[in-house]
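Let's take a walk through this structure together. Have a look at it first, and then we'll go through it piece by piece.

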Amino acid sequence: MAKTVELKLTEAELKYVMDLIYDNIQNGDYWGNKEQFMKRQSTLFNKIAKISDELILRKVRSTNGMD
């Protein structure tokens, strides 16, 4: 398994990375081996989407006094 690292991002930075990935998907942009790139991009997109979903749920719960 690949080595992992911890990276802390603000919500704005997280959204920026998500937007970059989304733009690459929409434009069909990739670098190097297409199959490897697409797999890596999909994995990263899914990880970021999960974090984004959790942040949204946390905000909704907090707003509605459910925290």
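The buried residues of helix H2 pack against helix H1 (11–27); helices here are DSSP runs of H or I with at least four residues, numbered from the N terminus. Keep in mind that this is a predicted model, where local features need pLDDT of at least 70, side-chain atom pairs count only at pLDDT 80 or more, and totals for chains, interfaces and linings use all residues. Residues are numbered from 1 along each chain as its sequence is written, and side-chain values use heavy atoms, with hydrogens and water left out.

So who is tucked away in H2? Phe37, Gln41, Ile48 and Ala49 are buried, meaning under 20% relative accessible area (exposed is over 50%, partly exposed is in between; 1.4 Å probe, protein chains only).

Now check the length of H2, residues 34–63. At 1.5 Å a residue, its 30 residues should span 44 Å, and the end C-alpha atoms are 42 Å apart, which agrees. The expected span is 1.5 Å times one less than the number of residues. Just after H2, look for Gly65, which takes a positive phi of about 70°.

Over in helix H1 you'll find Ile25. Ile25 is partly exposed, with a relative accessible area of 41%. Leaving aside neighbours within four places in sequence, Ile25 is in contact (heavy atoms within 4.5 Å) with Gln41 and Phe45. The C-alpha atoms of Ile25 and Met38 are separated by 8.7 Å, though the two residues sit 13 residues apart along the chain.

Definitions and conventions. Helices (H or I, at least four residues) and strands (E, at least two) are DSSP runs, numbered from the N terminus.
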